Amino acid sequence: MITQVRPPQPVTIGALAPLTRPGWVEAGRHLLAGLELAVGEVNDGGGIGGRPLELMVRDTAADPRRAAAAVDELAQLGVAAVAGEYHSVVARAAAARADALGLPFLCSSAVLDALTEEPTEWVARLSPPQSHGWRVYADFLLDAGHSRIAVATEPSVYWASGVRILRDHLAPRGGTVVELDARALTPAAVCDALVDHRATVLLLLVGFPEPAVSIVRSVRRDQRLTETMIGAPAGQPEFAEWATLLGGDGAAIPFLRYLPGRLGPLGARVGTALRERLSEEPSFVAFEGYDTITVLADVLRSHGTDRARIAASWPHVAVEGTRGQIRFSRTPGISVWQWARTPVQVVDRDPAEPSRLRIRHAG
């Protein structure tokens, strides 16, 4: 009689990412590449106590309701934890549902400060809170001599939060922020408003590719605005599609990126592997995805797959990630467990070589 040995049951993690429009598909692709690369390496190293690690991927398509429904489904399927997501308003919906269900959620790449309405033990985050990153960006503007800032905006909790952070940080230092409604104004009218307000900077707090691409083209072609700087703190120029659509017009537009000035040995190795997987330069979002699995694998090995024990482990995490050692703590004003030392840079694409990124400021 031959006894069949059943393979060990996998440990499953739910993965949320925007993989179709109107989600930022390129960001979702990079996030998933980092998650999958790390899962493969965990399994090559023996998995979680001999059990393979497995992702259950769900496309959020930048839809908060779809994300909340995905969290419900994943919880019923028995995942140990949920990870990922890029869009802040979507991650907020996922975090609220995970908190309500008692399901650990490690948010990879969303920055909205109020990720949950009330403090929660169930949610931790790798990306820096918006209030920190966008203050670094505001300091960059001031250091560069800019105090009259215009922002082209669309309705969004995320964009509104960004405007508030910029205004609160710039006002005590003599800076002003004027809002231009990108829904009501054509790109040409945005240019007229920049002249009327004598703004020296236009920040794009709008969707990509549109209306961001059309606004950039209009400003670049307006002879009255040759000295006006365009900025995109949310990171639209990070991805290759930006350079493909805008070419040279997309250069010299500073944005936020969450990488250190120099990657260590782990980061360099992972960067090479991500480059091969993506067939292009990996964004910081891909590194966030890899670090997410690195943290969860360490937690699962040390604390098991019980959801309550996973959530209780957040304050005890001490894991070497691609961008430094990851530890979670309570940050004033932030409702989730937060990695407090996420590196923050302001970078742009080099006009002489748009495929190359230049570090303009570090915070």
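In the predicted model, residue A61 lies in the loop between β2 (53–59) and α2 (64–76). The backbone angle phi of A61 is near 50°, a positive value in a residue other than glycine. Most residues other than glycine have a negative phi, and most peptide bonds are trans. With a relative accessible area of 6%, A61 falls under the 20% limit and is therefore buried.

A comparable description applies to E85, which is found in the loop between β3 (81–84) and α3 (88–101). Although E85 is not a glycine, its phi is positive, at about 75°. The relative accessible area of E85 is 0%, so this residue is buried.

Departures from the trans form of the peptide bond were also identified. The bond from F208 to P209 is cis, with omega near 10°, and P209 lies in the loop between β8 and α7. A cis peptide bond likewise joins E210 and P211, where omega is about 10°. The position of P211 is again in the loop between β8 and α7.

The overall architecture was then examined. The chain has 11 helices and 16 strands. The radius of gyration of the chain is 21 Å, close to the 21 Å that the globule rule gives for 363 residues, so the chain is as compact as a globular protein of that length. Along the principal axes, the C-alpha trace spans about 85 × 40 × 35 Å.

Burial, contacts and surface were considered next. Of the 363 residues of the chain, 54% count as buried. Among contacts with a separation of 6 or more, 70% are made by residues 24 or more positions apart. The chain exposes about 15000 Å², of which carbon and sulfur atoms supply 50%. The chain carries 37 positive and 40 negative charges, and the mean positions of these two groups are 2 Å apart.

Aromatic rings were analysed in pairs. A pair of aromatic rings is described by the distance of the centres and the angle of the planes. The chain contains 9 aromatic pairs. One of these is formed by W24 and F208; the pair is tilted, with 5.7 Å from centre to centre and 40° between the planes. This pair links distant parts of the chain, since W24 is in the loop between β1 (11–17) and α1 (25–44), while F208 is in the loop between β8 (201–205) and α7 (212–221), 184 residues apart. Both W24 and F208 are buried.

A further pair, formed by Y258 and F284, is edge-to-face, with 5.0 Å between the centres and 70° between the planes. This pair also links distant parts of the chain: Y258 is in the loop between β10 (255–257) and α9 (265–278), F284 is in helix α10 (residues 284–303), and the two are 26 residues apart. Y258 is buried, with a relative accessible area of 6%, and F284 is buried, with a relative accessible area of 4%. Ring pairs also link W24, Y86, F208, F239 and W242 into a cluster. F208 thus belongs to this cluster and also takes part in the cis peptide bond to P209.

Two individual residues illustrate the surroundings of a strand and of a helix. L203 is found in strand β8 and has a relative accessible area of 0%, so L203 is buried. Leaving aside residues up to four places away in sequence, L203 touches Y137, L141, I149, A150, V151, A152, L166, G231 and P233. The C-alpha atoms of L203 and H303 are separated by 44 Å, and these residues are 100 residues apart along the chain.

S302, in contrast, is found in helix α10, the helix that also holds F284. S302 has a relative accessible area of 47%; because this value lies between 20% and 50%, S302 is partly exposed. From S302 to R277 the distance is 29 Å, C-alpha to C-alpha, and the two are 25 residues apart in sequence.

Methods. Residues numbered from 1 in each chain as written. Predicted model: local features only at pLDDT ≥ 70, side-chain atom pairs only at ≥ 80, totals over all residues. Heavy atoms only, no water. Helix = DSSP H or I, 4+ residues; strand = E, 2+ residues; numbered from the N terminus. Rg over C-alpha atoms; globule rule 2.2 N^0.38 Å. Buried < 20%, exposed > 50% of the residue type's maximum accessible area, 1.4 Å probe, protein only. Contact = heavy atoms within 4.5 Å. Areas by Shrake-Rupley, 256 points an atom, 1.4 Å probe, with all protein chains shown as cover. Lys, Arg positive; Asp, Glu negative; His and termini not counted. Charge placed at Lys NZ, Arg CZ, Asp CG, Glu CD. Phe/Tyr/Trp six-rings, centres within 6.5 Å; stacked < 30°, edge-to-face > 60°.
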